[in-house]
Amino acid sequence: MKKYLLLCALVLGGFAVQAQAALQIQSWSLPNGARVLFVENHAIPMLDLSVEFDAGARRDPDGKSGLASLTNAQLTRGVAASGDGPALTEAQILDGLADVAAQRGGGASMDRAGVTLRMLSSAAERDAAIGLLARTLAQPSFPEAPFARDKARTIADVRESQTKAEDIAAKAFWAALYGTHPYARQESEDSVVAITREDLVAFHRTHYVGNRAVVAMIGDVTRAQADQIAQRLTQQLPQGAPLPALPSIGLTAPKDQRISHPASQSHILIGMPALVRGDPDFFALTVGNYILGGGGFVSRLTNEVREKRALTYSVYSYFSPMAQKGPFQIGLQTKQEQTAEALEVVRRTLADYLRDGPTAGELKAAKDNLVGGFALRIDNNRKILDNLAVIGYYGLPLDYLDTWTANIGKVTVAQIRAAFKRKIALDQLSTVVVGEAK
C-alpha cells in the first residue's frame, strides 16, 4: 500500500523537470541492434520507459485489419514457461505489476506499436517490473480464452463505430486519401473475425524483434543501469528479417463523398496526404497551420467559420506527419442545412491562405505562442518519454527538442507560403461529409 500511495503522489505531482534546461539525450545501439534513447533525471525516484517496434496497423495483412492491435493487447494475457520463470496468467501478470506499484501501458498506432512502463526506481521494485515486462514482450502465450474475449470485444466496438457519424467519417476519409495503400485499411467485422491465434503468433514473431526495437527511458537510473535494463528487455527477442517495403503514396483522384446519417449535424473532413516525419517543411507548416486552423480561437478558420458566420462550434486543421505521407486534415461539424455554406467558407479560407500566406502580425503571434507554450510539451517525464520514442522511431536528430523553439523562431512568411504550396493542392483535396441532408 505504501508503494501504491507513493506512486499516486508522484503521479499527481506531475513529474516536473526543468523544461528550460537542455535535455541531455544519450543514445546508443545494443549488440542485437536495438536502439536506446535515455535521459537521466534524478528529480524523483521514478523510471519511465517504452519499447516500440515497426508493428503498427500498416503491417496488418490484407483482409486481417486489427491484427496489430490485437497482438499488442494480447501481450499481457499470459506468458509461457521458460528459464526465466513459470507460466503466468493474465491475473498473475497484472498482480505482479501492482505489487511493485508499476503501471503498464501500450497500444498500436498506424506506424508503430509497443509498450510503456512507469515504475519506482528502487532496485527491487524496478527489477521485478522489468522482469515481467521483458517476459510479456518475448514470451507471450496468447491463450485462447482471452483471445476469444478480446476478439469479441473488438467486434462489438467495430459494430458500435458503424453507428457513429464521426467514426464513419474518419474511416471514409482515410480510405479516400489512401486508396489501396495499407494506411487505408480499417478494422471491419469480417477482418477481425478472420484473425486467428496463429496469426498473432506469426505477427509477434515477425515484428516484435530485437534488431528493430526502440527503447526510450527517462528517470532515476544511471547510463550503465539504463543499458542493462534495455538489454534485459530485448535480449530474448528474436532477430527479424527485413520487412517488405510498403508501396509509395502517390497522387490519387480526389473524392467528394456524401454519406447519409441521422445525426443532427454534418461531420465534415477535408484533406490529402501531405507530410512525412522529418520533412524539412515541418516547422514552417507547424507555424503556418497554427495560423490557419491549429490555434483555436485565434485561427483564421475559427474566425471565418465560427466567429463571423456561426456555422460551427469548432473547426480545426492539422498535419499528422508519419513514416509515409501523413494527412493534412480540416474538420468541423455544422447543421445539416448549413453544410454547403460551411464547405464554401472553409475552401475559400484555405484558398486565400494558400495564395497570400499569413500576415507579419499573424506570424509573430503564432511564433510567440508556440515558443511560449513549448515548456508545456516537456513539463513531465511522460511527455518527454513520448518525445524520445518519436525521435528514436523516426530517426530525428537528438537535438530535436533543444532546437525546436529556435527552428520555430526562424520561420518566415515566405517559408510558410512555399511549404503550403508544396504540400497542399486545392484540386487534390478529398472531402467526406457524413449526415448531409438530402
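1. Leu-117 lies in strand E7, which runs over residues 113–120, and, in what is a predicted model, Leu-117 has contacts beyond its neighbours within four places in sequence with Leu-47, Asp-48, Leu-49, Leu-97, Ala-102, Gln-103, Arg-104, Ala-129, Ile-130 and Leu-133. Its relative accessibility is 2%, so Leu-117 counts as buried, the cut-off for that class being under 20%. Leu-117 and Gly-105 are 12 residues apart in sequence, and their C-alpha atoms are 6.3 Å apart in space.

2. Ala-101 belongs to the loop between helix H3 (90–99) and strand E6 (103–108), and its backbone deserves a look, since its phi is positive, at about 60°, although Ala-101 is not a glycine. Most residues other than glycine have a negative phi. The relative accessible area of Ala-101 is 4%, and Ala-101 is therefore buried.

3. A second case of this kind is Phe-142, a residue other than glycine whose phi is positive and near 45°. Phe-142 is placed in the loop between H4 and H5. With a relative accessibility of 3%, Phe-142 also counts as buried.

4. Which residues of helix H8 (residues 197–207) are buried? They are Asp-199, Leu-200, Phe-203, His-204 and His-207, and because they cover an arc of only 130° around the axis, they fall on the same side of H8. On the face turned away from that buried side, H8 carries the exposed residues Glu-198 and Arg-205. The cover over the buried residues of H8 includes strand E3, helix H2 (67–73), helix H4 and helix H5 (144–161).

5. Helix H9, with 12 residues (223–234), should span 16 Å at 1.5 Å a residue, and the 17 Å between its end C-alpha atoms agrees with that expectation. The buried residues in H9 are Ala-226, Asp-227, Ile-229, Ala-230, Leu-233 and Thr-234; they cover an arc of only 165° around the axis, so they sit on the same side of H9. What covers them includes strands E1 (25–29), E2 (35–40), E3 (46–53) and E8 (214–219), together with helix H4 (123–138). Strand E3 and helix H4 are thus named in the cover of the buried residues of H9 and in that of the buried residues of H8.

6. Ser-317, in strand E11 (residues 315–319), has a relative accessibility of 3% and therefore counts as buried. Its side chain is joined to that of Asn-289 by a polar contact of 2.6 Å. Not counting residues up to four places away in sequence, Ser-317 touches Asn-289 along with Leu-292, Gly-293, Gly-294, Leu-301, Phe-328, Gln-329 and Ile-330.

7. Val-434 is part of strand E13, which covers residues 430–434, and at 0% relative accessibility Val-434 counts as buried. What does Val-434 touch, not counting residues up to four places away in sequence? Its partners are Ala-165, Ile-168, Ala-169, Ile-259, His-261, Gln-265, Ser-266 and His-267. For one of these, Gln-265, the C-alpha atom is separated by 8.5 Å from that of Val-434, although the two residues are 169 residues apart along the chain.

8. Turning to the chain as a whole, the protein chain has 16 helices and 13 strands. For 438 residues, a compact globule would have a radius of gyration near 22 Å, and the 23 Å of the protein chain agrees with this. The C-alpha trace spans about 65 × 50 × 40 Å along its principal axes.

9. Of the 438 residues in the protein chain, 53% are buried. Among contacts with a separation of 6 or more, 81% are accounted for by residues 24 or more positions apart; Val-434 and Gln-265, which touch and lie 169 residues apart along the chain, give an example of such a separation. The protein chain exposes about 18900 Å², and carbon and sulfur atoms supply 54% of that area.

Technical notes: Residues are numbered from 1 along each chain as its sequence is written. This is a predicted model: local features need pLDDT of at least 70, side-chain atom pairs count only at pLDDT 80 or more; totals for chains, interfaces and linings use all residues. Side-chain values use heavy atoms; hydrogens and water are left out. Helices (H or I, at least four residues) and strands (E, at least two) are DSSP runs, numbered from the N terminus. The expected span of a helix is 1.5 Å times one less than its number of residues. Buried means under 20% relative accessible area, exposed over 50%, partly exposed in between (1.4 Å probe, protein chains only). The arc is that of the directions from the helix axis to the C-beta atoms. Contact means heavy atoms within 4.5 Å. The radius of gyration is taken over C-alpha atoms; the globule rule is 2.2 Å times the number of residues to the power 0.38. Accessible areas come from the Shrake-Rupley method with a 1.4 Å probe; for residues, only the protein chains shown count as cover. A polar contact is a pair of N or O atoms within 3.5 Å; within protein, one must be able to donate a hydrogen and the other to accept it, and residues adjacent in sequence count only if both atoms are side-chain atoms.
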